[in-house]
Amino acid sequence: MKLTVFGATGGVGHEVVRQALAAGHEVTAVVRDPARLDVSAHERLRVAVVRDLSDQDALVSVLEGQEAVVSALGPTNNKQARLTPVAGPALRSIVAAMDRAGVSRLSAVSAAPVGPVPPQDGALTRVVVYPLLRRALRDVYADLTVMEAEIAASGTQWTVIRPPRLLNRPYTGTYRRVVDANVPGGKVIARADVADALLATLSDPSTSGHTIGIAA
């Protein structure tokens with residue numbers, strides 16, 4: 001499969017690129033600074049520098065001839081999300097460019113607190129933990145909420161992955177997955193497993209048009 005990966009220099013994004021190459025895909029990694037791409041040179045890897053993700057013409061040029069898009073874009077902290085939202089504006093441009101380039105399949109990472117609290121979780125989680133987390137990182141989740149809305153309103157065959165807190169742990173491939181809900185008791189997951197989930201949905205048409213909650 002020919003994939004374009006946005007957010008390729010981030011923790012999840014570089015795992016997506018690495019795993020996609022290992023699986024035999026052809027990968028176009030979209031970056032602002034090529035020096036930050038922590039992936040070895042590869043015959044099936046193309047690095048495309050796009051410094052302005054609102055530039056649809058530039059996006060179309062890296063999307064033409066591709067079969068799917070993976071977005072690992074997201075704000076790094078609440079201050080950044082408040083001053084300069086990342087995910088919402090970027091995905092607005094990306095889905096428009098996908099339409100122009102004739103690329104329909106999209107998998108994007110969001111976050112568990114954007115979705116509903118599982119009813120199976122205890123009162124502490126439902127009444128205290130999630131409300132506090134959403135208040136502390138309200139600008140991050142506001143940006144991701146806009147991003148999800150832009151994706152859902154697009155004409156793409158989309159899947160949104162909602163993980164809980166991300167950890168730099170080795171890949172396991174044994175994480176839990178729930179469609180259109182968050183994983184009960186889901187607290188953490190390895191970034192490598194999030195990358196696996198993003199890639200796996202691309203070849204699973206049953207996930208199109210759905211959010212997928214994942215957790216260790």
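Helix α1 (residues 11-22) packs against helix α7 (residues 191-202) at an angle of about 60 degrees, and their axes lie 8 Å apart. Here axes are lines fitted to C-alpha atoms over the stretch in contact, with angles running from 0 to 180 degrees between N-to-C directions. That makes α1 oblique to α7, oblique being whatever is left once angles under 35 degrees (roughly parallel), over 145 (roughly antiparallel) and 65 to 115 (roughly perpendicular) are taken out. The model is a predicted one, where local features need pLDDT of at least 70 and side-chain atom pairs 80 or more, while totals for chains, interfaces and linings use all residues. Numbering starts from 1 along each chain as its sequence is written, and side-chain values use heavy atoms, leaving out hydrogens and water.

On the α1 side, Gly11, Val12, Glu15, Val16, Gln19 and Ala20 meet a set from α7 that includes Val194, Ala195, Leu198 and Leu199, contact meaning heavy atoms within 4.5 Å. Helices are DSSP runs of H or I with at least four residues, strands E runs of at least two, both numbered from the N terminus.

As for the interior, the largest nonpolar core has 32 residues, and Phe6, Leu63, Leu91 and Ile94 have the most contacts inside it. Such a core joins buried Ala, Val, Leu, Ile, Met, Phe, Trp, Tyr and Cys residues through side-chain atoms within 4.5 Å, with buried meaning under 20% relative accessible area (1.4 Å probe, protein chains only). Helix α4 (87-101) is one of the elements supplying at least two residues, and its 8 residues are the largest share. Beyond its neighbours within four places in sequence, Ile94 touches Phe6, Leu59, Leu63, Val69 and Leu73. A second, separate core of 29 residues includes Val5, Val16, Val194 and Leu198.

Conventions. Buried < 20%, exposed > 50% of the residue type's maximum accessible area, 1.4 Å probe, protein only.
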